[in-house]
Amino acid sequence: MDAETPAQVEKNQTATVPKEETVERGATGETAGGGGGGAAKKEDHDAEYHPPTSYLETIVHLFKGNIGPGLFAMGDAFKNGGLLVAPLLTIVIAVVSIHCQHVLVTCSKKMRDLKGETVCADYAQTVEQCFETGPSKLRGWSRTMGRLVDIFICVTQLGFCCIYFVFISTNLKQVLQAYDIDMNVHLVMLLAFVPVLLSSLITNLKWLTPVSMFANVCMILGLAITLYYALKDGLPEVEERALWTNGSQLALFFGTAIFAFEGIALVMPLKNAMRKPHQFERPLGVLNVGMFLVSVMFMFAGSVGYMKWGEQVGGSLTLNLGDTILAQAVKLMVSAGVLLGYPLQFFVAIQIMWPSAKQMCGIQGRSLIGELGFRTCMVLVTLAIAEMVPALGLFISLIGALCSTALALVFPPVIELIARSEQNKGPGVWICVKNLVILVMALLGFFTGSYESLKQIVKHFGEE
C-alpha cells in the first residue's frame, strides 16, 4: 500500500535534504534511513510531493492550526468563566495543554528508540506502541487504543471543519444584511462550499504554507481591528462584569477553552514534516514559541471581548462589530482567514482516513484522482453536518468538551504513565501524581462540558 502517513512524509524528505542536514538529523536521532533499492526509488518518486518544511514554515502551520474560530470565541468563553476566574483557568489549560503536547513528542521518540526505528510515529501509532510495550495486561488493548485515537482525531478535525463552515456563513450573513440582502444562513453555507472545496484539494503540507501564511495575516489583522473597535471608546468598569460564574457555565467555558487550545493532532505531522525535526520541541522551538504567542492572543481576545460586550458578546467577537464598512471588511477578512485554515485541519483527518478508504475501494498506487474525489466527499459531509447544527458557540463547546479533551488531556498522561513504567517498577510518585491531577481535570471537563453543551443545544433547537 502506498499510504501517505506522517512516517512516510518524514522518509520522503531524505531525498531532498542536503547531506549536511541529513547528518545533523542523524546526530539527533531524527534521520529517516533508507530501506532497500525499491524504498529508495519510492522516496525519489514521492520527494516532490512532500518536500520538508523549515522552522518558520512549521510555525506558520502551527499558528494557523490553533488560530481559528476558537480565538474569536474566547469572549464567549470568558463570559461563561468570569473576568477573574477565566484568565486563571486559561493559563492553567494553556500550560497543561502544551505540556501534554511535549509528553506526546517524548513518548513518540522513546517508542522510536525502543523499536529501533528511524522516524517518530504519529499520535495514534505512538499510543498503540506504548500499550504494546507496556504492562502485559494492557498489550491486548494496543490496537483498540490506536484506532480510538484515530477516531477521536478524525471526529475532532472534521468537527473543526464543520465549525469553520458555520463561522464563515454566520459572518457573511451579517455582511450581506448590512447591504439589505437577507439570505438564509444555510444558503450562505452553500455559497461558501466552492472556495472551501478548492482550498481543500491541496494535498501537500508544504504547498499549504502560503495559504496558511495568508490566513494568519487575515486573522491577525482581523483581531487587531476587532480589538481596536472594542478599545476605541474605552471599556466599562470592572464592577459591571461577573468575576466568577456557576458550575454549569464553567463547564461551557472549559469546552470552549480546550477547543481553542486543541492543536495536538497537528503536533506529530508537523514535526515529522520538518527538515530539522529536533527544532520542534527544543526550549525555543516551534512548539513553545508558537503556543506562547497563541496563548497571549487568546488571553487578550477573551479579556477585552468580555469586558467590552459583557453578556451580549457573541459566539464570535466579529458578530459584535456593527454595520460600518470597516466592520464588514473585518468580517470578510476573518472569514477568509478561517476559510484558508480549513485545508490544514482537513489535511490531518484525510491523512488518517484516505489509506483505509483506498484499501476498501481496492485502489493501488498514489491515485491523485481518487484522493481528490474522496476529499470532495468529505467536504460535503462537513457541509451537511454544519447545515444541521448552526449554533456556533454551542457547537464549539461540545466538540471541545467531547473530543478535544480526550486528545489534549487524557491520552498523553495515560501513555506517559505506561511509557515511564518499567518491569517491577512504577513510573514514580511525581509522574503518577501529576498525571492523575491532569486526568481528573480532563474527565471532569469531559463529562460536565459535554452534558452542558448537549443540554444547551437541545434547548436551542427547542426554542427554534
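This is a short tour of one helix pair and its surroundings in a predicted model.

Before selecting anything, note that residues are numbered from 1 along each chain as its sequence is written. Local features need pLDDT of at least 70, side-chain atom pairs count only at pLDDT 80 or more, totals for chains, interfaces and linings use all residues, and side-chain values use heavy atoms, with hydrogens and water left out.

Colour the chain by pLDDT (the predictor's confidence in each residue, from 0 to 100). The chain mean is 80, and 85% of residues reach 70 or more.

Select residues 1-49. Here pLDDT stays under 50, and the model has 94 contacts beyond four places in sequence; a contact means heavy atoms within 4.5 Å. Where pLDDT is low, the predicted coordinates should not be read in detail.

Next, select helix α6, residues 74-81, and helix α13, residues 247-261 (helices are DSSP runs of H or I, at least four residues, numbered from the N terminus). They pack at about 150°, with axes 7 Å apart; axes are lines fitted to C-alpha atoms over the stretch in contact, and angles run from 0 to 180 degrees between N-to-C directions. This makes α6 roughly antiparallel to α13 (over 145 degrees).

Show side chains at this contact. From α6, Met 74, Ala 77, Phe 78, Lys 79, Asn 80 and Gly 81 meet Gln 249, Leu 250, Leu 252, Phe 253, Thr 256 and Ala 260 of α13.

Finally, select Asp 76 and Lys 79. Their closest N and O atoms are 3.2 Å apart, forming a salt bridge (a side-chain nitrogen of Lys or Arg within 4 Å of a carboxyl oxygen of Asp or Glu). Being 3 residues apart in α6, Asp 76 and Lys 79 are separated by about one helical turn. The salt bridge count comes to 9.

Note on methods:
Helix = DSSP H or I, 4+ residues; strand = E, 2+ residues; numbered from the N terminus. Parallel < 35°, antiparallel > 145°, perpendicular 65-115°, else oblique.
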